[in-house]
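Hi,

Here is the structure I promised to pass on. Have a look at it first, and my notes follow underneath.

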Amino acid sequence: MTAPVFLASFDVEDWFHAENLRSSLAGAPWSSLEARVERNTHELLDILAETGGKARATFFVLGWIARRHPTLVRRMVADGHEVASHSDVHARLDRLSRKALAQDLAQARDSLEQITGLPVWGLRAPNFSIGDSVLDCLAESGYWYDSSCYEFKAHDRYGRLSTTIDADAAAVAVRPGLLELPMSRVAIGPFAVPWSGGGYFRAIPYPLFRWGVAKRLRARSWFMFYFHPWELDSEEVPPRDMPRLLRRRAYTGRGRMRRDLRRLLTEFGSARIDETLRSRGYAPPREVAGVTSP
């Protein structure tokens with residue numbers, strides 16, 4: 001029987017990349033806004049380090065961030081974590097032309113591999129903006145896995161696939177050599193409730209969230225958790241005219257995240273995605289010339 005595994009993953013972007021803030025920033029150039037990602041991500045890495053090796057994670061990093069904070073990315077590797085791609089400039093991937101999509105993914109991957117000296121095997125699309133064209137491009141580029149499918153039709157931003165997959169499976173082959181790792185849900189009665197992390201982690205009281213993780217691990221033996229560095233940042237000041245609903249979605253629960261994330265990682269530990277796939281018999285589709293496999 002496969003042992004249950006909790007997979008902590010972190011989507012590394014700055015506060016101004018968050019979709020909830022886009023309309024309130026009125027197109028301000030990112031370079032003109034205060035950068036907070038380095039401090040917040042170092043704090044995430046410190047929290048992981050406090051577990052004494054019990055928790056290793058996968059960091060999905062924007063290429064834009066990696067080029068500006070290469071030392072931060074190198075610390076992820078030095079601390080024993082996997083570095084994967086969160087795209088290059090946080091665009092909705094399912095809305096890009098095929099050419100623009102290929103360019104974005106290639107630039108992000110090249111930036112990350114140049115900094116780490118390691119292959120980038122996985123992607124998480126910003127805002128879970130998965131689509132058939134994204135999977136096609138990933139397969140053609142030799143990616144091993146995508147973790148962007150969040151089967152929750154009520155959400156207004158998540159992408160969709162034309163082919164139905166088992167959204168509660170650990171890993172599903174969606175293209176030759178390419179796996180899809182869906183975001184985790186929890187069965188409550190007849191409903192599959194989104195539970196994977198992020199805003200759901202901030203909105204659900206910790207004892208209830210922990211109950212859902214344990215229930216999912218008993219049923220499926222795999223839990224995919226995600227979180228953003230800015231979700232730790234209770235000192236971030238919201239834009240002045242930010243709509244109330246978007247403010248609630250972006251800032252609810254931040255004050256307890258340091259405590260709750262520590263509790264979660266201490267209780268469940270965490271494993272890297274790439275190492276977990278290998279331990280379950282999956283193999284990457286290619287070896288990268290000039291890049292060393294871990």
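I'd start with Phe225: its relative accessibility is 0%, under the 20% cut-off, so this residue counts as buried. Keep in mind throughout that this is a predicted model. Phe225 sits in strand S10, residues 222-227. Setting aside neighbours within four places in sequence, its contacts are Phe6, Leu7, Ala8, Ser9, Ser196, Gly197, Phe201, Phe209, Leu261 and Leu264. One more thing about Phe225: Arg240 is 15 residues away in sequence, yet the two C-alpha atoms are 31 Å apart.

Phe225 also turns up in the largest nonpolar core, which has 89 residues. Along with Val61, Tyr145 and Leu261, Phe225 is listed there as having the most contacts inside the core. As background, nonpolar side chains tend to be buried together in soluble globular proteins. For Tyr145, again leaving out neighbours within four places in sequence, the contacts include Phe60, Trp121, Leu178, Ile273 and Leu277, but also Thr58 and Glu82.

Next, the helices. H10 (residues 257-268) has two partners I looked at.

The first is H8, residues 206-220: its axis comes within 11 Å of the H10 axis, and the two cross at roughly 30°. That angle is under 35 degrees, so H8 and H10 are roughly parallel to each other. The crossing is right-handed. From H8, the residues involved are Tyr206, Phe209, Arg210, Val213, Ala214 and Leu217, and they meet Asp260, Arg263, Leu264, Glu267 and Phe268 of H10. By class, that contact has seven nonpolar, four charged and no polar residues.

The second is H2, residues 37-49, whose axis comes within 10 Å of that of H10, with a crossing at roughly 35°. H2 also passes H10 in a right-handed crossing. Here Glu43, Leu44, Ile47 and Leu48 of H2 are in contact with Arg258, Leu261, Arg262 and Leu265 of H10. The tally for this contact is five nonpolar, three charged and no polar residues.

Finally, two backbone spots to check. Most residues other than glycine have a negative phi. Ala26 has a positive one, near 50°, and Phe128 has a positive one too, near 55°. Ala26 lies in the loop between H1 and H2, while Phe128 is in the loop between strand S4 and helix H6. Their surroundings differ: Ala26 counts as exposed at 71% relative accessibility, whereas Phe128 is buried, with a relative accessible area of 5%.

Cheers

Definitions and conventions: Residues are numbered from 1 along each chain as its sequence is written. This is a predicted model: local features need pLDDT of at least 70, side-chain atom pairs count only at pLDDT 80 or more; totals for chains, interfaces and linings use all residues. Side-chain values use heavy atoms; hydrogens and water are left out. Axes are lines fitted to C-alpha atoms, for helices over the stretch in contact, and angles run from 0 to 180 degrees between N-to-C directions. Helices (H or I, at least four residues) and strands (E, at least two) are DSSP runs, numbered from the N terminus. Angles under 35 degrees count as roughly parallel, over 145 as roughly antiparallel, 65 to 115 as roughly perpendicular and the rest as oblique. A crossing is left-handed if the near helix is turned anticlockwise from the far one by less than a right angle, and right-handed if clockwise. Contact means heavy atoms within 4.5 Å. Ala, Val, Leu, Ile, Met, Phe, Trp, Tyr, Cys and Pro count as nonpolar, Asp, Glu, Lys and Arg as charged, and the others, Gly among them, as polar. A nonpolar core is a set of buried Ala, Val, Leu, Ile, Met, Phe, Trp, Tyr and Cys residues joined through side-chain atoms within 4.5 Å. Buried means under 20% relative accessible area, exposed over 50%, partly exposed in between (1.4 Å probe, protein chains only).
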